[in-house]
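Student: Hi! I'm about to look at a protein model that's new to me. Could you walk me through it?

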Amino acid sequence: RIRETVAVHEAGHACMSLLTGFDNVSKVTILPRSNGVGGFTAFSNSLSEEGAGLPTRERLLKELQVLLGGRVAEELAFGRAQVTVGASDDLRRAQQLASDMVTR
């Protein structure tokens, strides 16, 4: 069940990237990067097109959608009660990005 959950979660990130036009997906894996359980989704970085690291509001909103895509995919596939804590890092990153958008 762990691999299935991780696969659904990472597919959510990849699908949201494709749906929003955020970035090209270069790799999706359910193999953990370190000692963790989860996999990851890698994107080809197109920040050079964004102006040397100065992303637009539109791009930042797309990034928020991609960050939340894994959690949404888990909820759609397994139900709200079955969303894992693996989505907590995505929520932390989304909260930080949203906060930075407002305060910087």
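**A tour of the model**

Tutor: Happy to, and let's begin with D90, which is buried, with a relative accessible area of 7%. Keep in mind that this is a predicted model.

Student: Okay! Which residue forms a salt bridge with D90?

Tutor: R93 does, and the closest N and O atoms of the two are 4.0 Å apart.

Student: And how far apart are R93 and D90 in helix 4?

Tutor: They are three residues apart, so about one helical turn separates them.

Student: Is R93 buried or exposed?

Tutor: In between: R93 is partly exposed, because its relative accessible area is 37% and that class runs from 20% to 50%.

Student: How many salt bridges are there in the whole structure?

Tutor: A search finds six. One of them joins the side chains of R59 and D23, at 3.4 Å from N to O. That pair links distant parts of the chain, with R59 in helix 3 and D23 in the loop between helix 1 and strand 1, 36 residues apart.

Student: Are R59 and D23 buried or exposed?

Tutor: Both R59 and D23 are buried.

Student: Got another salt bridge for me?

Tutor: Sure. The side chains of D100 and R104 meet in one, with 3.6 Å between N and O. D100 has a relative accessibility of 22%, so D100 counts as partly exposed. R104 counts as exposed, at 78%.

Student: Let's switch to pockets. What is the volume of the largest pocket?

Tutor: The largest pocket has a volume of about 870 Å³.

Student: Which residues lie nearest its centre?

Tutor: Of the 36 residues that line the largest pocket, H13, R33, F40, D90 and R93 lie nearest its centre. You'll recognise D90 and R93 as salt-bridge partners.

Student: Nice link! Which elements give two or more residues to the lining of the largest pocket?

Tutor: Those are helix 1, strand 2 (40-43), helix 3 (57-78) and helix 4 (88-103).

Student: And what is the lining of the largest pocket like by class?

Tutor: It has 15 nonpolar, 12 polar and nine charged residues.

Student: What about greasy stuff away from the pocket topic? Which residues make up the largest nonpolar core?

Tutor: There are five in all: L60, L64, L67, A94 and L97. Helix 3 and helix 4 are the elements that give two or more residues to this core, and helix 3 provides the largest share, three residues.

Student: Is there a general reason to look for a group like that?

Tutor: Yes, in soluble globular proteins, nonpolar side chains tend to be buried together.

Student: Let me zoom in on A94. Which residues does A94 touch, not counting residues up to four places away in sequence?

Tutor: With those left out, A94 touches L64, L67 and L68.

Student: New topic: S17. Where is it found?

Tutor: S17 sits in helix 1, which covers residues 2-20. S17 is buried, because its relative accessible area is 0% and buried means under 20%.

Student: Which residues does S17 touch?

Tutor: Setting aside residues up to four places away in sequence, S17 touches F22, D23, V25, F43 and V66. D23 is the partner of R59 in the salt bridge we talked about.

Student: How about another serine, S26: buried or exposed?

Tutor: S26, found in strand 1, is exposed, with a relative accessible area of 51%. Beyond residues up to four places away in sequence, S26 touches A42, F43 and S44. From C-alpha to C-alpha, S26 and A42 are 5.5 Å apart in space, and in sequence they are 16 residues apart.

Student: Can we end with the loops? Where is the place of L31?

Tutor: L31 is in the loop between strand 1 and strand 2, and L31 is exposed, with a relative accessible area of 54%. Leaving aside neighbours within four places in sequence, L31 is in contact with G38, G39 and F40. F40 also came up among the residues nearest the centre of the largest pocket.

Student: And where is the place of G86?

Tutor: G86 is in the loop between helix 3 and helix 4. At 48% relative accessibility, G86 counts as partly exposed. The C-alpha atoms of G86 and T5 are separated by 9.4 Å, and these residues are 81 residues apart along the chain.

Technical notes: Residues are numbered from 1 along each chain as its sequence is written. This is a predicted model: local features need pLDDT of at least 70, side-chain atom pairs count only at pLDDT 80 or more; totals for chains, interfaces and linings use all residues. Side-chain values use heavy atoms; hydrogens and water are left out. Helices (H or I, at least four residues) and strands (E, at least two) are DSSP runs, numbered from the N terminus. Buried means under 20% relative accessible area, exposed over 50%, partly exposed in between (1.4 Å probe, protein chains only). Contact means heavy atoms within 4.5 Å. On a 1 Å grid over the protein atoms alone, a cavity is a set of points where a 1.4 Å probe fits but cannot get out, and a pocket is an open set with protein on both sides within 12 Å along at least five of seven lines; lining residues have an atom within 4 Å of a point. Grid points are joined across faces, edges and corners, and a volume is the space filled by probe spheres set on the points. Ala, Val, Leu, Ile, Met, Phe, Trp, Tyr, Cys and Pro count as nonpolar, Asp, Glu, Lys and Arg as charged, and the others, Gly among them, as polar. A nonpolar core is a set of buried Ala, Val, Leu, Ile, Met, Phe, Trp, Tyr and Cys residues joined through side-chain atoms within 4.5 Å.
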